[in-house]
Amino acid sequence: MLIYKDIVSGDEIISDTYNLVEKEDAVYEVDCKKVTLGSESFDTGANPSAEEAEEGIDDGSKQVIDVVHGFRLNFLGDEASGTRAFGTKKEYMGQLKTYMKKVVGAMKEAGADEDKIKAFQTGAQSYYTKHIAPNFKDFDFYTGESMDPDGMVVLLNYREDGITPYMTIWKYGLTEMKV
């Protein structure tokens, strides 16, 4: 199994157990699932009391997105109010440009040739223009467990069906760790 870590923060972002679909030689899109935590039901054979049945006891369950939960990604913003960390495209672009400079630096350090770096930059710009910018208001933003402000910002949106969540992860911002 391969675990992919953020090249800047070292945080685990995703693994090859998910279907990573490469887009424009710049990002991976990963379909996620909503899972329910804490809804275990144990049948002890006893009847529930009338009081419990009337109150509709909350079983403490919580619905989460599998990748977010599994890799301990942190929502950037205030989940309770739904406020996102990046309210405007300009705010997000500031962070993204800084991050991309770090990724390009890491690619150069690793010996990537100029053609590969140029292809990544072109692909990233194209993906941003076609997919992120027109749908910016629909994205949520997550970062790794360490919450490193210089680390990768992972994007979460929903497919056209409105049900299937998917994440967008910057391809060259990842390093592989074999487990």
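The following legends describe close-up views of a predicted model.

**View 1. The six-stranded sheet, seen strand by strand.** This open sheet follows the order β3-β4-β12-β11-β10-β7, and its pairing is antiparallel. Strands β3 (20-23) and β7 occupy the edges; each has a single partner strand, so one side of each is left without a neighbour in the sheet. Helix α3, which spans residues 89-109, packs on the sheet and touches β10, β11 and β12 (165-170). The direction of helix α3 makes about 45° with that of β12. Helix α4 (residues 114-132) lies across β3, β4 (27-31), β11 and β12. Relative to β12, helix α4 runs at about 155°.

**View 2. The hairpin of β3 and β4.** Strands β3 and β4 run antiparallel and are joined by 4 bridges. Within this pairing, V21 has E29 of β4 as its bridge partner. The hairpin has 3 residues between the strands, and E24 takes a positive phi near 55°. The same strand β4 is among the elements that helix α4 lies across.

**View 3. Pairing of β10 with β11.** Here 4 bridges join the two strands, which run antiparallel. T143 has V153, in β11, as its bridge partner. Both β10 and β11 are touched by helix α3, and helix α4 lies across β11. Each of these two strands, β10 (140-143) and β11 (153-158), also supplies at least two residues to the lining of the largest pocket.

**View 4. The largest pocket and its lining.** About 380 Å³ of space lies in this pocket. Its lining comprises 17 residues, of which V64, I65, V68, E79 and Y142 are the closest to the centre. At least two lining residues come from each of β5 (34-37), β6 (62-65), α2 (66-70), β7 (74-75), β10 and β11. Strand β6 gives the most, with 4 residues. By class, the lining has 9 nonpolar, 3 polar and 5 charged residues.

**View 5. The aromatic pair of F75 and Y142.** A search of the whole structure finds 10 aromatic pairs, and the pair of F75 and Y142 is edge-to-face. The ring centres are 5.6 Å apart, with 70° between the planes. F75 belongs to strand β7 and Y142 to strand β10, so that the pair links distant parts of the chain, 67 residues apart. Y142 is also one of the residues closest to the centre of the largest pocket.

**View 6. The three-stranded sheet.** A separate listing of strands gives an open sheet in the order β2-β1-β13, with antiparallel pairing. The edge strands, β2 (12-15) and β13 (174-178), each pair on one side only. From one strand to the next, the twist averages 35°. Strand β1 (residues 2-6) runs antiparallel to β2, and 3 bridges join them. In this pairing, I3 stands opposite S15 of β2.

**View 7. The surroundings of L2 in strand β1.** L2 and E176 lie 174 residues apart in sequence, yet their C-alpha atoms are 6.2 Å apart in space. Leaving aside neighbours within four places in sequence, L2 is in contact with I14, S15, D16, E176, M177 and K178. Among these contacts, S15 is the residue that I3 stands opposite in β2.

Notes. Residues numbered from 1 in each chain as written. Predicted model: local features only at pLDDT ≥ 70, side-chain atom pairs only at ≥ 80, totals over all residues. Heavy atoms only, no water. 1 Å grid on protein atoms, 1.4 Å probe; cavity = no way out; pocket = protein on both sides within 12 Å on 5 of 7 lines; lining within 4 Å. Points joined across faces, edges and corners; volume = space filled by probe spheres on them. Nonpolar A, V, L, I, M, F, W, Y, C, P; charged D, E, K, R; others polar. Pairing = 2+ DSSP bridges. Contact = heavy atoms within 4.5 Å. Axes fitted to C-alpha atoms, helices over the stretch in contact; angles between N-to-C directions. Phe/Tyr/Trp six-rings, centres within 6.5 Å; stacked < 30°, edge-to-face > 60°.
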